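Below is a colleague's note on the structure, arranged as numbered points. Please read each point with the sequence and the coordinates open beside it.

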Amino acid sequence: MILSPVETFIEIRDERQLKALTGVTEFQLELLAQELAQVELEQKQAKYEQAVLKGQRTRKPGGGRRGRLTTPKSQVFFVLYYSKVYPTYDELANRFGMSRSAAFDNLQKYFPLVQEALSRLGVLPSRTFANPEEFREAVAGVSEIIIDVTERRQVRPTDPVQQKDRYSGKKKMHTVKNTVIATLTTFILFIGQTFGGRHHDYKIFQADFSTNEAWFDSLAVLVDLAYQGIDQDYEIPHLQIPVKKPRTAKKNPHPTLTAEQAKWNREWSRQRVRVEHAIAGLKRFNLLADRFRGRKPHFLDDALVMCAGFWNLNLLYV
């Protein structure tokens, strides 16, 4: 037994079972727990000092009723279990021996703390760049990047404007999209802003990276055919994009690629598939793989960034 049922409320027999329920190893869980403990201590102390200055508190911190999640490890496990298994709040409450409202409150409390712990470990992807200098700093030491989009299902929005914005005619369901930039080692460097499923992949990319800046002048960039025209809008000396097969025409009823073009496409595909591996790493967590049920503002974004952090954690802290 790797973890005590007192800490996790679930008997974990071995590390394989732990990874199946949380997506991380015991070492990574301990690492996150240590960082979370420090984050929580600093936030509690800052909150206490601010309350004292305002005259709203005289007692020292540490009093009050203890909750079910009493240790940093149990708090991290709670968030990881939710992200990996994605139960309803009723199921989550039953598993951890608390009320449904307490399960919701604990998740809202510890989710941002785990996110901050991931940030301190240096595994969270970037979200926005004010200028190319910031971008170059974020990709320092990287010579090749792969750009793609990840799409997630969500419940049908109640707002008519959002319904229209998030309905994907291709998927025939309501979805949201984000641009993903990864390295050839599948480390996720960047997660773009969230857009509705009706928006084209390249338009989303242009919203994240303005066309009047030299973002990619020192990088080799791999993209698929959804990004046709990127070489006209951006300065990319080392662009790798597949060759598109010509359209059928009267003069060319059976268009084909030349042997050299087909070879290029195969080589390109062998490299570009790694971003698919990174996206698959994100969707090991059912929080992203299942239809997203959350309606709380910003949670849609935070869920994706958090799972990207868990994936990068697996790559850096083996």
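1. A search of the whole structure, which is a predicted model, finds 13 salt bridges. The points that follow take up some of these pairs and then turn to the nonpolar cores, a residue in a helix, and a pocket.

2. Within helix α6, which spans residues 100-120, Arg120 and Glu116 lie four residues apart, or about one turn of the helix, and their side chains meet in a salt bridge with an N to O distance of 3.2 Å. Arg120 is partly exposed, its relative accessible area being 37%, and Glu116 is likewise counted as partly exposed, at 30% relative accessibility.

3. A pair of this kind is also found in helix α7 (residues 132-138), where Arg136 and Glu133 stand three residues apart and are therefore separated by about one helical turn; the salt bridge between their side chains has an N to O distance of 3.4 Å. Glu133 has a relative accessible area of 49% and is partly exposed, because the exposed class begins only over 50%.

4. Arg136 also forms a salt bridge with Asp217, with 3.6 Å between the closest N and O atoms. What does this pair tie together? Arg136 belongs to helix α7, whereas Asp217 sits in the loop between α9 (201-208) and β6 (220-222), so the salt bridge ties together parts that are 81 residues apart in sequence. Both partners are partly exposed, Arg136 at 29% relative accessibility and Asp217 at 28%.

5. Beyond these pairs, a network of salt bridges links Asp148, Asp224, Arg272 and Glu276. As general background, side chains of opposite charge can pair when their charged atoms come close.

6. The largest nonpolar core has 61 residues, and the members that touch the most others in it are Leu32 and Phe96. The greatest contribution to this core comes from helix α13 (residues 299-316), which gives 10 residues. When residues up to four places away in sequence are set aside, Leu32 touches Val76, Leu80, Ala117, Leu118, Leu121, Phe310 and Leu313. There is also a second core, separate from the largest, with 22 residues that include Ile145, Leu189, Phe216 and Val223.

7. Is Asn265, in helix α11 (residues 259-282), buried or exposed? Asn265 counts as buried, because its relative accessibility of 16% falls under the 20% limit for that class. Apart from neighbours within four places in sequence, Asn265 is in contact with Pro242, Val243 and Leu257.

8. The second largest pocket holds about 440 Å³ of space. It is lined by 23 residues, of which Glu151, Lys170, Lys171, Lys177 and Asp201 are the closest to its centre. Which class is found in what number along this lining? There are 11 charged residues, seven polar and five nonpolar in the lining of the second largest pocket.

9. As to where the lining of this second largest pocket comes from, β1 (144-153), β3 (173-182) and α12 (286-289) each supply at least two of its residues. Among the contributors, β1 gives the most to the lining, with six residues.

Methods: Residues numbered from 1 in each chain as written. Predicted model: local features only at pLDDT ≥ 70, side-chain atom pairs only at ≥ 80, totals over all residues. Heavy atoms only, no water. Salt bridge = Lys/Arg side-chain N within 4 Å of Asp/Glu carboxyl O. Buried < 20%, exposed > 50% of the residue type's maximum accessible area, 1.4 Å probe, protein only. Core = buried A, V, L, I, M, F, W, Y, C linked by side-chain atoms within 4.5 Å. Contact = heavy atoms within 4.5 Å. 1 Å grid on protein atoms, 1.4 Å probe; cavity = no way out; pocket = protein on both sides within 12 Å on 5 of 7 lines; lining within 4 Å. Points joined across faces, edges and corners; volume = space filled by probe spheres on them. Nonpolar A, V, L, I, M, F, W, Y, C, P; charged D, E, K, R; others polar.
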